[in-house]
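This report walks through a structure shown below, looking at its main pocket, at two of its helices and at a few single residues. It is meant to be read with the sequence and the model side by side.

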Amino acid sequence: MLVDLVIRGGTVVTVGNMGIADIGVSNGKIVQIGGDLQGRREIDVRGKYVFPGGIDVHVHLSSPRTPGPGVETWVDDFQSGSNAAIVGGITTLGNMTFQRQDETLRDALKRDLAAAERDAGIDYILHPVLTDPSAEALAQIPELASEGHTSLKIYLVRDNFDARVDDYTRAMQLAAQSGSLTLAHCEDGGLIRSVYRDLVARGMAAPRYWPDARPDYTESVATERAIGMTRATKAPIYVVHLSSAAALASCSRARAEGLPVYVETRPLYLYLTREVFDQPDSAKYVGAPPLREQKDLRALWNGLLSGAIQCVCSDHAPWTLRQKLDPALDVRTARQGVADLETLMPMLFSEGVRKGRISLSRFVELTSTNAAKLFGMYPQKGTIAVGSDADIIVWDRDAHRTIDGASMLSKAGYSVYDGWEVIGWPLYTISRGEVIFDNGKITAQRGRGQLVRRGKTMML
Ligand SMILES: [Zn+2]
């Protein structure tokens, strides 16, 4: 068969399968695997791995606040964020789209969709973030789901959460009835505020006390509460950026009972512990929840191995070093988040697969397939199969690189992993059949990315 593109001779890895095969692509789709193929373009990838494109469903490429004088916000947009993703092997992004003051969920989606249509170099989904569970917002949840926005994000840490648990729970129930998945930031805001107050009174207001300000129980009680909301409604929940052994144990107990509770963790917790807060530039490691102890790190790696954790996503929330280390900030106001799009997959490969902690199949599951299923994109995305979008990464398992945030594509300009030696990087990134990263060069046109119109959540 004559096709647009043949990816020849690579070791194709999908969940539970691995083998050498040629892949034929036409009109953006995979049309043949194995057998006779001739391409208008062919790339020889013998000796390389071929993975489904990474799906990072947790990034921040738009601001929760209306821009204006004095408003500091994350520094990447859909263009720079796409470029960082492409170099890191990611072909689909999931952006948190915040309902700003006086905006409905629909207004917020419209605003971010316009920005993504203009700037995104790869495909994307947008998660409406519910910050005010008003009757109007609740009414929009099923409408938006029917238009292909089958997810909803809530923050248990928000000031208004405790007073409105019933409204948030209702939102989750409406989401579930429409086939949507609710993402939950699980930290207890009230407890954290009271811990802050005591720390400040004891003269421990500096950002280096960040881990003390948000101890693991403030995460695990909120995680239990989210699980309680699932018990009450049977609605599935996806716990974002889980950081502690205690919270993971809660989720595993719930899953053992058959409750639809899913867990995401992020790279920070797999590579770093709170000891880095003893360094003078500790504010650069601030993220919520904070870095934990060795025992937590070990529990998370065990969770990746056992399947207790379903997804690893970046929570890419980039600031410059100047913004992070601003001396005016304290433990209450420290800027949360780090850049991680470009490093997400290579570090998990290097530290996970190469060091024998997880298999190649699990790597694909954690970085692509599970997210595609949970977020209603499977099998269009998340696998290498005839009929799927040709979102494919060719991976050089032996490529060595030292992390250097200053030369990476996020506008953050630094990485919390600066100096780490990482082995295994993308050689080609292919999005809907188009080679958009080719031996170190990005060729994606700004704005070529498309919104993925999603179906219902597939329960794992
Ligand atoms: Zn986030």
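A residue is called buried here when its relative accessible area is under 20%, exposed when that area is over 50%, and partly exposed in between. By that rule Thr97, at 1% relative accessibility, counts as buried. The model under discussion is a predicted one, and the descriptions that follow should be read with that in mind.

**Three single residues**

Thr97 has its place in strand β7, which covers residues 90–98. Leaving aside residues up to four places away in sequence, Thr97 touches Ala108, Leu109, Asp112, Leu126, His127, Pro128 and Val129. Thr97 and Leu61 are 36 residues apart in sequence, while their C-alpha atoms are 8.7 Å apart in space.

Ser220 is found in helix α7 and, at 13% relative accessibility, also counts as buried, the cut-off being under 20%. Apart from residues up to four places away in sequence, Ser220 touches Ala246, Ala247 and Ser250; of these, Ala247 and Ser250 are listed among the buried residues of α8.

Arg255 lies in helix α8 and is partly exposed, because its relative accessible area of 27% falls between the limits of 20% and 50%. With residues up to four places away in sequence not counted, Arg255 touches Val261, Tyr262, Gly307, Ala308 and Gln310. Arg255 and Ile309 are 54 residues apart in sequence and 11 Å apart in space, taken from C-alpha to C-alpha.

**Two helices**

For both helices in the table, the expected span at 1.5 Å a residue can be set beside the distance between the end C-alpha atoms.

| Helix | Residues | Expected span | End C-alpha distance |
|---|---|---|---|
| α4 | 165–177 | 18 Å | 18 Å |
| α8 | 245–256 | 16 Å | 16 Å |

In α8 the expected and the computed length agree, and the buried residues of this helix are Ala247, Leu248, Ser250, Cys251 and Ala254. These residues cover an arc of only 155° around the axis, which puts them on the same side of α8. The cover over them includes α7 (216–233), β11 (237–239), β12 (261–265) and α10 (294–306). Just after α8, Gly258 takes a positive phi of about 90°.

The two lengths agree for α4 as well, where Val165, Tyr168, Thr169, Ala171, Met172, Leu174 and Ala175 are buried. What covers these buried residues of α4 includes α3, β9, β10 (181–185), α7 and β11. After α4 comes Gly179, whose phi is positive, near 80°.

**The largest pocket**

Rolling a probe the size of a water molecule over the atoms shows where empty space is left. The largest pocket has a volume of about 1,300 Å³. Its lining is made up of 43 residues, of which Pro64, Arg65, Phe98, Tyr155 and Arg158 lie nearest the centre of the pocket. The elements that give two or more residues to this lining are α3 (135–146), β9 (151–155) and α5 (189–201), and the largest share, four residues, comes from α5.

Which classes of residue make up the lining of the largest pocket? By class, that lining has 13 nonpolar, 14 polar and 16 charged residues.

How values were computed:
Residues are numbered from 1 along each chain as its sequence is written. This is a predicted model: local features need pLDDT of at least 70, side-chain atom pairs count only at pLDDT 80 or more; totals for chains, interfaces and linings use all residues. Side-chain values use heavy atoms; hydrogens and water are left out. On a 1 Å grid over the protein atoms alone, a cavity is a set of points where a 1.4 Å probe fits but cannot get out, and a pocket is an open set with protein on both sides within 12 Å along at least five of seven lines; lining residues have an atom within 4 Å of a point. Grid points are joined across faces, edges and corners, and a volume is the space filled by probe spheres set on the points. Ala, Val, Leu, Ile, Met, Phe, Trp, Tyr, Cys and Pro count as nonpolar, Asp, Glu, Lys and Arg as charged, and the others, Gly among them, as polar. The expected span of a helix is 1.5 Å times one less than its number of residues. Buried means under 20% relative accessible area, exposed over 50%, partly exposed in between (1.4 Å probe, protein chains only). The arc is that of the directions from the helix axis to the C-beta atoms. Contact means heavy atoms within 4.5 Å.
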